[in-house]
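Trainee: May we examine the ligand site and the enclosed spaces of this protein together? I would like to reason through each point in turn.

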Amino acid sequence: MDHPHLLRIGGAWRGADDGATFTVREPATGAAIAAVPRAGARECRAAIAAAVDAQAAWREESVKRRGAVCHAIADRLMAARPALARLRAREGGTALATALAEVEYAAGFFRFYGDEIGRLAGRTIVHPDPRRRVRVEHVPIGVVGAITPWNLPLAAPAKKLAPAIAAGCAMVLKPSELTPLSALAIAREAELAGLPPGVLNVVCGDAAAIGGELTGNPAVRALAFTGSTRVGRQLMAACAPGLKRVALELGGSAPFVVFADADLERAADDCAALKTANAGQVCVTANRVLVERPVHDRFVALLVDRLRGVRLGDPLDAATTMGPLISDEAAERVAALVAGAVAQGAIAALGGARSGAFHPPMVLTGCRNDWPIAREEIFGPVAPVIAFDGEAEALALANDTPYGLAAFAYTGDADRQHRLARALEAGVVGINDPRPLIPSAPFGGVKQSGIGREGGSEGLLEYLDAKLIGVRE
Ligand code: ADP
C-alpha cells in the first residue's frame, strides 16, 4: 500500500517530536518492513487537539454527508482491496484469503453505518401537562480514543471508526505497534474519500504513554478498546476519574460443543475453519472443543482429517491456507501451552513442531477444562478436546470460564438448540453456525469479555449521548 509510514495528525503526515522510530517486522520472515515514528504523550496530545478542532465542524455536518463519506470510504477500501490485503497479510502474517475477507468485513462497517445514521430516530415523549413536550435527541459524545490489537488490524479500527464518524465524532486511534500500517492505510483512504483532516488521527509508539494520555485527557469523552482483559481492566480504571464512557472488547474462551446428534462432518468443517482462520488468533475462535463421548473418536478423526489438509506457509502465496503466528514469541507461548497439556496427560491426535513463528494445527485429546490450555486464550491453531456425558455436563463445562464472548454448539435437536441458545453465557451464540458476526448485528461480550457492543444499531449508540429536551409553551 503506497502511503507514508508516518503518524497522521490533523491532516498532516509527521514524525515523532524527537525523531524516534520503531521497526515493523513481517512475522513470516522476521524481516523489517517499515520504520514508524514512535509517538508518546506529546504527539497524542497534539492528535487530541486536532480532533477537538475537527470535531466542532464534523458534528455539524449533515447526516447525509456523514453517511456519504462512510460509503465513499467503503468504496475506496474495496477498490484498494488487493493491495490492502497484501499489506495486512505481510504485517500480520495472515493468509491472503483471510486478509481479503477482512478488507470486505471492514468495508461492511462503513456501509452499514453510512446507512444506519440516517435511520437514527429521536422520539417525543408525552408530558402529563399538555403545554409541555419532551423530546430525546442523540448527540455525538465528542472526541473518541480508540486502541486496537494486531489480530484484526483493519476490522478492529473499522468497527470503531465507522460508527464514530457516522455519529459525528472525531477520533484518535492507536493501533498495535505490531501492525500499524493497516490503520495508517485506512486513514489515507478515509481522507481521500472526503473525511475532513483531523477527524481521524493515528498515533502509535509508546502504548502506555499514549494510553495514559487518551484515558487522562479530559477532551477525550469515550474510549473504545479491543485487546486483552488485563489491559482493558487497566484502561477502564484509568478512565474512571474522568468518567469517560468505555466500550471494551476483551478476551474469550469460546467452547465449541459437539453433541452426538450433530452433523459431525459439518461440525468438523466449521471447527477446523475457526481454528485455522488467522491461525486461531481471533477472540471469537473456538478455544475449547467439547465432544459428547459416543461420537468423540469419530469427531476427532474428522477434525484431524480437516486439519491435515491445512497448507501452512508464506501468507502471500495464494495456495497457503494458514500463515504464521504474529511472532516467534507467540508461537513459543502456544508450544509451551501444548507441552504443559501433554505433560498433564493430553494425547496428540495431530501433532507437530513449531518452526519460528509457524505453528502447525494440532488436536489434543484427553484434556480437562481446568488445565491452562482450556482456561487461557490459546491464540493458536490448537484444539484441546474434552469429552463430556450429556447436556447438563456440556453446559456446566461450557460456562465454566470467566469469559463470555462467544459459544458454539452443534446439535440436530431443535429443542436443544433453543435450550442452549438460552443457557450458554456469551454475547454471541452460534448454533450450527461458526460465524454469526455481521456489521448489522451487535457483537460483544458478557462476564470478563467486555462492556458495550460493536456493530448493529447498538454499536452506534456507544458514540452518542441521549439528550432530553423539554419545551414549554
Ligand atoms: P493482545 O494480547 O491482543 O496484544 P493487548 O491488550 O496487549 O492485547 O494489546 C491490545 C492493544 O492495547 C494494543 O494496541 C497495545 O499496544 C495496547 N496496549 C497494551 N498495553 C497498554 C497500556 N498500558 N495502555 C494503553 N494501551 C495498551
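The following exchange concerns a predicted model.

Trainee: Which residues are the closest to the ligand?

Mentor: The shell around the ligand holds 18 residues. By class, this shell divides into 9 nonpolar, 7 polar and 2 charged residues. The closest of the 18 are Thr148, Trp150, Lys174, Glu177 and Ser228.

Trainee: How far is an oxygen atom of the ligand from a polar backbone atom of Thr148?

Mentor: A polar contact is a pair of N or O atoms within 3.5 Å. An oxygen atom of the ligand lies 2.9 Å from an N or O atom in the side chain of Lys174, and a polar side-chain atom of Glu177 is 3.1 Å from a ligand oxygen atom. For Thr148, the partner is a polar backbone atom, and the distance is 2.7 Å.

Trainee: What percentage of the ligand's exposed area does the protein bury?

Mentor: One begins with the ligand taken alone, which exposes 550 Å². The protein then covers part of that area, and the buried share is 77%.

Trainee: Which elements give two or more residues to the shell around the ligand?

Mentor: The ligand takes up the space of the largest pocket. Elements that contribute two or more residues to its shell are helix H7 (207–216), strand E10 (220–226) and helix H8 (229–239).

Trainee: What is the volume of the largest cavity?

Mentor: A cavity is a space where a probe fits but cannot get out. Counting those of 30 Å³ or more gives 4 cavities. In the largest cavity, the space is about 70 Å³.

Trainee: Which elements give two or more residues to the lining of the largest cavity?

Mentor: This lining has 16 residues, and the closest to the centre of the cavity are Pro255, Thr401, Tyr403, Ala406 and Glu425. By class, the lining residues are 8 nonpolar, 5 polar and 3 charged. The elements that supply two or more of them are strand E12 (254–258), helix H13 (390–399) and strand E17 (406–410).

Trainee: Which residues line the second largest cavity?

Mentor: The second largest cavity has a volume of about 60 Å³. Its lining comprises 5 nonpolar, 2 polar and 3 charged residues. The residues in question are Pro149, Asn151, Leu152, Ala156, Lys159, Thr226, Glu249, Cys283, Phe443 and Glu454.

Conventions. Residues numbered from 1 in each chain as written. Predicted model: local features only at pLDDT ≥ 70, side-chain atom pairs only at ≥ 80, totals over all residues. Heavy atoms only, no water. Near = heavy atom within 4 Å. Polar contact = N/O pair within 3.5 Å; in protein donor to acceptor, adjacent residues only side chain to side chain. Areas by Shrake-Rupley, 256 points an atom, 1.4 Å probe, with all protein chains shown as cover. 1 Å grid on protein atoms, 1.4 Å probe; cavity = no way out; pocket = protein on both sides within 12 Å on 5 of 7 lines; lining within 4 Å. Sits in = over half its atoms within 2 Å of the grid points. Helix = DSSP H or I, 4+ residues; strand = E, 2+ residues; numbered from the N terminus. Nonpolar A, V, L, I, M, F, W, Y, C, P; charged D, E, K, R; others polar. Points joined across faces, edges and corners; volume = space filled by probe spheres on them.
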